[in-house]
Amino acid sequence: MKQLIDLSGKWDLYLAPHNQVKETEYEFNILNIKKLPKNIDFTKIDAEVPGNFELDMQRAGLLHDIFMGTNTLLCQEYENRHLWYVKEFNLDEIPTGDVFLRFEGIDTFAKIYLNGVCIGSCDNMLIEHEYPVQEDWMNYLNLGKNQIIVHIYPTAIKAREFEGTPLAVGLPYNEDSLHVRKAPYMFGWDIMPRTVSGGLWRGVSLIEKPKHRIDSFYLGTSTMNLQWNAATLSGQIRIHTDDDLLSDYEAVISGTCGDSHFEHSVRFWGVSRNFSVGFKGAKFWWPKGEGEQNLYDVEVKLYRKGELCDTHKTRIGIRQIELIRTSTLDENGKGKFEFKINAKKVFILGTNWVPLDAFPSQNEKRVIKALEMVEDVGCNMIRLWGGDLYESDSFYNWCDEHGIMIWHDFIMGCAYYPQYEEFCEKLRVEATVAVKRLRDHASIVLWAGDNECDVFYTYALKNGKRLDPNTNVLTRKVLPEVLRIYDEFRPYLPSSPYVDEYAFSVIDQRRPSEDHLWGPRNYYKSDYYTKATALFASETGFHGCPSVESLKKFITPEKLWPIILPNGRPNEDYIVHAASMETKHIGKYEYRIALMLKQVAVLFGGVADNNRGTATAEESVEYFELMKKMFGDGVDALEGHAKASQIFQAESFKFMIERFRIRKETHGGLIWWNILDGWPQVSDAVVDYYFTKKLAYDYIKNSQQPLCLMFDEPNEENKIRLVAANDIPEDKTFSYKVTRVNDNAVVASGDATVSASGILELDVVSLDFSAEPMLLIEWECDGKVGRNHFISDVRKLDYNTYIDFLNKTEIGHFEGF
């Protein structure tokens with residue numbers, strides 16, 4: 001494939017409301033765009049591609065700072081807009097090959113015109129689209145000036161054409177989205193605003209392909225032997241040609257990684273050929289911390305009558321993946337959910353990857369910085385969450401190179417999706433395109449059908465009985481069939497959490513081995529969290545208020561204070577930035593502000609935990625009054641509140657990560673929620689939209705050190721175990737010391753060796769509860785010093801004492817204050 005013209009950059013954009021377009025049935029497909037109907041109120045502005053039309057309106061002064069105050073709500077007024085993107089380009093010479101107009105992303109329903117001719121349409125935002133514009137039998141291109149018009153229909157209007165059913169349930173703002181193949185979060189989620197949007201959100205180009213070409217290629221790992229450095233790769237190549245006979249065709253496949261090389265040639269009896277390559281001296285791909293991320297540069301050359309006619313290049317990693325799981329825990333509390341890479345168990349320390357921006361055209365500007373934070377904080381896995389979208393190539397390439405494994409959801413979440421054949425076919429086409437595009441990436445270690453849809457099935461009742469998620473044809477039939485054809489080299493999990501036949505039969509008695517640990521989001525050491533049975537947590541998270549500096553960037557000055565009004569509701573700016581997309585009525589997600597206040601009140605205000613994630617109006621007022629008592633009445637009090645909220649979040653994440661690491665012999669890992677916000681808000685992210693880190697960032701980084709010392713919770717005798725968790729694939733010898741910061745007394749010390757990827761109990765310390773012990777843990781290994789801390793019950797400390805502890809130990813720091 002050769003790019004002829006990059007068509008990204010400046011386009012003209014025309015907007016008009018649906019009711020006017022509908023009445024005239026106007027189709028903007030003529031070359032002379034100066035003759036526009038007078039009865040349609042067109043707005044013409046400059047547009048950037050990749051882009052979203054709201055951002056173009058903001059640049060044109062028609063929308064003001066979309067993320068400030070309640071301005072985001074104004075986007076709802078433009079959900080009825082038709083968009084016409086117009087671009088002219090010059091072609092200096094007619095290409096000799098087949099030419100296509102390629103769109104990396106069109107959001108969502110569109111018709112595409114070239115020089116006045118409709119060359120295609122689309123109804124899926126999530127995948128790329130190519131439209132032939134020059135082949136043997138047709139040519140829509142002009143020598144010289146050409147014009148493209150892309151008419152994008154308003155998704156919110158198009159979604160009305162699909163009839164829902166009483167069981168097609170989803171989140172409050174999302175039910176129309178269930179029939180539409182568009183990033184689900186854009187309709188509104190508890191972590192994202194409603195910005196339904198539209199636009200050419202990824203690049204556009206005119207491309208040329210050879211007449212005789214490689215249509216698709218794939219190479220996967222069939223077998224490998226670590227002892228002998230040997231591997232067998234299995235692959236398939238498919239070619240495109242109009243030749244009657246194929247005897248003149250040969251493909252040569254070669255791969256190189258350092259001094260390791262393989263080569264294989266195939267001749268063609270049909271346009272598709274399966275083949276295998278066995279070789280020695282293989283170099284293997286390992287996840288971060290387990291070994292090298294060896295990647296083979298693979299080149300495929302296609303010859304016709306001895307002449308090179310096409311070349312395809314890709315990269316692969318030689319590795320094998322196993323997901324070992326049981327449906328649930330057995331009657332003795334035993335089970336499994338763990339990943340093995342190259343036959344070795346890898347304990348997972350991961351983060352959920354949620355939308356990088358409310359407007360997806362901005363993702364590419366943020367992706368590498370976000371990934372660098374994932375690596376810096378000590379993660380070895382990302383879970384690409386099903387409410388998001390398929391990421392750009394730079395995301396997957398970076399993960400390949402840095403050994404960050406990807407748990408990859410298909411794009412569905414938190415709903416009972418349609419089951420009719422038309423929708424199944426849409427998903428089948430989408431999954432085929434996505435899998436063929438992404439399957440070369442060594443970092444992708446799991447395909448998952450969706451996010452929490454199995455759980456939604458079990459919430460729905462029919463004749464008094466739960467719906468069985470194993471009847472979901474999308475994740476039990478459509479997606480497995482696609483993977484069986486195009487990628488059998490990875491495990492597949494139909495949903496997360498996955499409720500298989502057995503788990504469904506015992507759903508009221510046992511939880512799945514892999515689970516999402518949200519619960520009441522009350523005190524992080526309540527029974528819900530300390531007694532959770534999950535052996536792998538693929539979601540868990542806790543609120544943390546953004547810094548004052550960040551709050552001032554999206555809350556208008558007059559709304560920074562008071563947070564809670566006398567009626568018990570947050571003021572409208574805080575409501576909107578809790579992702580509640582309505583202010584006149586109490587929205588689904590408004591509770592998140594009171595939850596943040598409650599968590600501070602429980603931690604430092606002596607308020608009893610009510611084991612609920614929500615609060616009544618009276619309770620909200622009570623929490624806010626307590627906040628004023630603790631930190632003062634006025635904007636200046638925001639600093640104390642925000643820091644206290646971040647302490648709650650930081651201690652919560654630390655507790656959950658260490659609880660799983662201490663049990664790494666029986667547990668498979670956890671994937672916490674989440675690294676980075678996709679818009680300015682109060683949320684569970686540990687880095688806000690402006691890339692300002694919360695305190696939890698440091699605490700997670702401490703708890704996810706490859707060699708980490710940590711305390712388990714007190715037993716009945718008020719004794720705590722000091723444990724060393726080693727995720728390094730070699731034995732480690734170290735010295736350690738534990739200091740009680742209250743009086744600088746050393747309560748434990750010694751030297752020890754922990755086995756490769758092992759766990760070791762180092763000591764048992766008795767707690768003196770005359771004053772809540774604040775323990776600083778320090779160790780030295782290979783000339784490097786590690787540090788961590790432990791406080792059994794932060795509720796027994798006042799806020800100022802905790803701040804003094806932070807200042808003394810420098811175990812973490814606040815940004816943006």
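Reader: Which residue just after α5 takes a positive phi, and of about how many degrees?
Author: This is a predicted model. Helix α5 covers residues 393–402. Just after α5 comes G403, and its phi is positive, at about 75°.

Reader: Which residues of helix α5 are buried?
Author: Buried here means under 20% relative accessible area. In α5 that description applies to F395, Y396, W398, C399 and D400.

Reader: What is the strand order in the open sheet of five strands?
Author: The pairing in this open sheet is antiparallel. Its edge strands, each pairing on one side only, are β1 (2–6) and β10 (138–139). The order is β1-β13-β5-β9-β10.

Reader: Which residue stands opposite M138 in β10?
Author: Strand β9, residues 129–135, pairs with β10 in the antiparallel sense. Two bridges make up that pairing. The residue opposite M138 is E135.

Reader: Why does C118 not form a disulfide?
Author: A disulfide needs two cysteine sulfur atoms within 2.5 Å. C118 is partly exposed, with a relative accessible area of 41%. Its closest cysteine sulfur is in C122, and C118 forms no bond with it because the distance is too far, at 11 Å.

Reader: How far is the sulfur of C257 from the closest cysteine sulfur?
Author: C257 is buried, with a relative accessible area of 8%. The closest cysteine sulfur belongs to C399, a residue that is itself buried in α5. That sulfur is too far for a bond, at 18 Å.

Reader: How many disulfides does the count come to?
Author: The cut-off is a pair of cysteine sulfur atoms within 2.5 Å. By this rule the number of disulfides is zero.

Definitions and conventions. Residues are numbered from 1 along each chain as its sequence is written. This is a predicted model: local features need pLDDT of at least 70, side-chain atom pairs count only at pLDDT 80 or more; totals for chains, interfaces and linings use all residues. Side-chain values use heavy atoms; hydrogens and water are left out. Two strands pair if DSSP finds at least two bridges between them. Helices (H or I, at least four residues) and strands (E, at least two) are DSSP runs, numbered from the N terminus. Buried means under 20% relative accessible area, exposed over 50%, partly exposed in between (1.4 Å probe, protein chains only).
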